[in-house]
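Reader: I would like a close look at one part of this protein, the sheet that comes earlier in my notes, and then a word on how the rest is laid out around it. Please keep to what can be read from the coordinates.

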Amino acid sequence: MAMSDIKQQARIELAKRNFFRYCNLMTPKFYKPNRQYLIDLCDDMEAFKDDDNDIMIINVPPRHGKSLTATKYTQWLLGYNPTLRIMTGSYNERLSTNFSKQVRNAIAEIKAEDDIVVYSDIFPKTKIKYGEAQMNLWSLEGSQTNNYLATSPTGTATGFGADIIIIDDLIKNAEEANNANVLEKHWEWFSDTMLSRLESGGKIMLIMTRWSSQDLAGRALKELPNNGYKVKHINLKAQQSDGSMLCDDILSASEFKRKSKTMSSEIASANYQQEPIDLKGRLYKEFKTYDVQSEYKKIWNYTDTADTGNDYLCSITWGERQDGLQEVIDVIYTQEPMEVTEKMVANAYIRWGVHQAEIERNNGGRGFARAIRERLTGVGRTVINDFHQSANKEARIYSNSSWIEQNVLFPSDWRYRFPEYYEAMTTYQAKGKNKFDDAPDATTGVAETMTSRQIKINLFKGGF
């Protein structure tokens, strides 16, 4: 055997056992040995198949090979273990079909030249079963079940159980990243459909460029560990903290600077630096906090009842400080029905000694206020004012946002005391479609209550 043949055979043997070596052998122009981030990424992906992690989340900048590596990984896994059942998910049916084609075509490629390595040279026992015509659902020779399914949020996964699920980039653009309803549908598809298809002991890999704190990666990072899943997170930024680039020959510092100047700064930060766009584009940039409650001139409450069955009731109790700042003391933020929230709000008035309460009477608020008064008969001294709010909600929220940032203080642990309210306030978008606006709306009511009161005081002092 010639020396060149011996070396080629050695490379083939390494490719069987090592994922990066497989990528390098099949696509040497991209998977170069000097691209250390690709070596590290491939090594982490290889280790994932046998380690104790349930979920691997990989955030990679554009053009750095995330989708290519995902298809290579699927090919390699089926060669390494032809009995695996793998499901892949992409943005839509066209992309999921394209993903499937790349995997299937690589496995089925026919050797035409002796010196060019093809898949069958590395994994000769892994072959597409004869007669498998479907592009998105197929089997390997010798398998009694389907080995591969490509799907999307609009596709189907019925009847397929997966050992490994690989999801590659679900968000199409910034418009989707700012659409809370789209992001919620992605999560529902993942949690209700994809997780239900995972066999016992199976694993899920999410590979995506970050867009939003509420995108699939963000939700998975936040919620899955609390549900008992062990999650590994690989977060690759195009530019490092010292100014160096992840890979200069893919994206240089000068090119990155030019791109960042050309596109929206929020999109550049999300796509290249994995900083979610909604944290850049959120309405409230920062919130003031306090550690110890102050002495208050007066205790207030503002309650915005739920407009529909899916909305939240938001009831905020706060103390008016001597210096004119407002300290939030308590928040009720819930989707419980009115018969439950009436008791919760009335109890809050009593517990905190609320002096004056404002209740929006839109969509049932008047009846709510009446019920609260009845509950307080003989036990409370709260003055309740119920009123109709006719002003444009979005305009009110936007115009009062600066006042809230400057004059409203929240408990230093409000993230843990009022988690859903905290989430709603810290992710509310200045532009884009928000799924809920109940928290900012009620907080705006706090601002309007205090600013209108100050106007009345100033008028009174002026002799009007």
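Author: The sheet to look at is an open one of seven strands, in the order β3-β4-β2-β5-β6-β1-β7, with mixed pairing. Its edges are β3 (137-138) and β7 (231-235); each has a single partner strand, so one side of each is left without a neighbour in the sheet. This is a predicted model, with an average pLDDT of 89 over the chain and 94% of the residues at 70 or higher.

Strand β2 (residues 86-89) pairs with β5 in the parallel sense, over four bridges. One pair that can be picked out is Gly-89 with its bridge partner in β5, Ile-167. Helix α5 (residues 93-108) packs on this sheet and touches β2, β3, β4 (148-151) and β5. The direction of α5 makes about 155° with that of β4. Helix α9 (residues 216-223) also packs on the sheet, in contact with β1, β5, β6 and β7. Its direction makes about 130° with that of β6.

Strand β6 (residues 198-208) deserves a closer look. Eight of its eleven residues are buried, so the strand is mostly covered. Strand β5 (residues 162-168) is parallel to β6, and six bridges join the two. Within that pairing, Ile-166 stands opposite Met-205 of β6. Strand β1 (residues 55-59) also pairs with β6 in the parallel sense, here over five bridges. Ile-57 has Leu-206 of β6 as its bridge partner. In general, the strands of a sheet pair through backbone hydrogen bonds, either parallel or antiparallel.

Before this sheet in the sequence comes helix α3 (residues 36-48). Its 13 residues reach 18 Å from the first C-alpha to the last, close to the 18 Å expected at 1.5 Å a residue. The buried residues of α3 are Tyr-37, Leu-38, Ile-39, Leu-41, Cys-42, Met-45, Glu-46 and Phe-48.

Cys-42 leads to the question of disulfides. A search of the whole structure finds zero of them. Cys-247 is in no disulfide, and the nearest cysteine sulfur, that of Cys-42, is 13 Å away. A disulfide counts here as two cysteine sulfur atoms within 2.5 Å, so a separation of 13 Å does not qualify. Cys-247 has 6% relative accessibility and therefore counts as buried. Cys-314, at 0% relative accessibility, counts as buried too.

The structure has another open sheet of seven strands, in the order β8-β14-β11-β10-β9-β12-β13, and its pairing is mixed. Here β8 (288-290) and β13 (383-387) stand at the edges; each has a single partner strand, so one side of each is left without a neighbour in the sheet. Neighbouring strands of this sheet are turned by 30° against each other on average, with direction ignored.

Strand β9 (residues 296-304) and strand β12 (residues 356-360) pair in the parallel sense over four bridges. Thr-303 has Ile-359 of β12 as its bridge partner, and the bridge partner of Tyr-302 in β12 is Glu-358. Helix α13 (residues 338-352) packs on the sheet, touching β9, β10 (313-321), β11, β12 and β13. Its direction makes about 160° with that of β11. Helix α17 (residues 419-427) packs on the sheet as well, in contact with β10, β11 and β14 (408-411). The angle between the direction of α17 and that of β11 is about 105°.

Strand β12 is mostly covered, with four of its five residues buried. Five bridges join β12 to β13, and the two run parallel. One of the pairs is Glu-360 with its partner in β13, Phe-387.

Further along the chain, Thr-444 lies in helix α18 (residues 438-461). Its relative accessible area is 0%, so Thr-444 is buried. Leaving aside neighbours within four places in sequence, Thr-444 is in contact with Tyr-284, Arg-396, Ile-397, Asn-400 and Ile-404.

A last point concerns confidence. It is highest in strand β11 (residues 326-334), at a mean of 98, and lowest in helix α12 (residues 277-281), at 68.

Definitions and conventions. Residues numbered from 1 in each chain as written. Predicted model: local features only at pLDDT ≥ 70, side-chain atom pairs only at ≥ 80, totals over all residues. Heavy atoms only, no water. Buried < 20%, exposed > 50% of the residue type's maximum accessible area, 1.4 Å probe, protein only. Pairing = 2+ DSSP bridges. pLDDT = per-residue confidence, 0-100. Axes fitted to C-alpha atoms, helices over the stretch in contact; angles between N-to-C directions. Contact = heavy atoms within 4.5 Å. Expected span 1.5 Å × (residues − 1).
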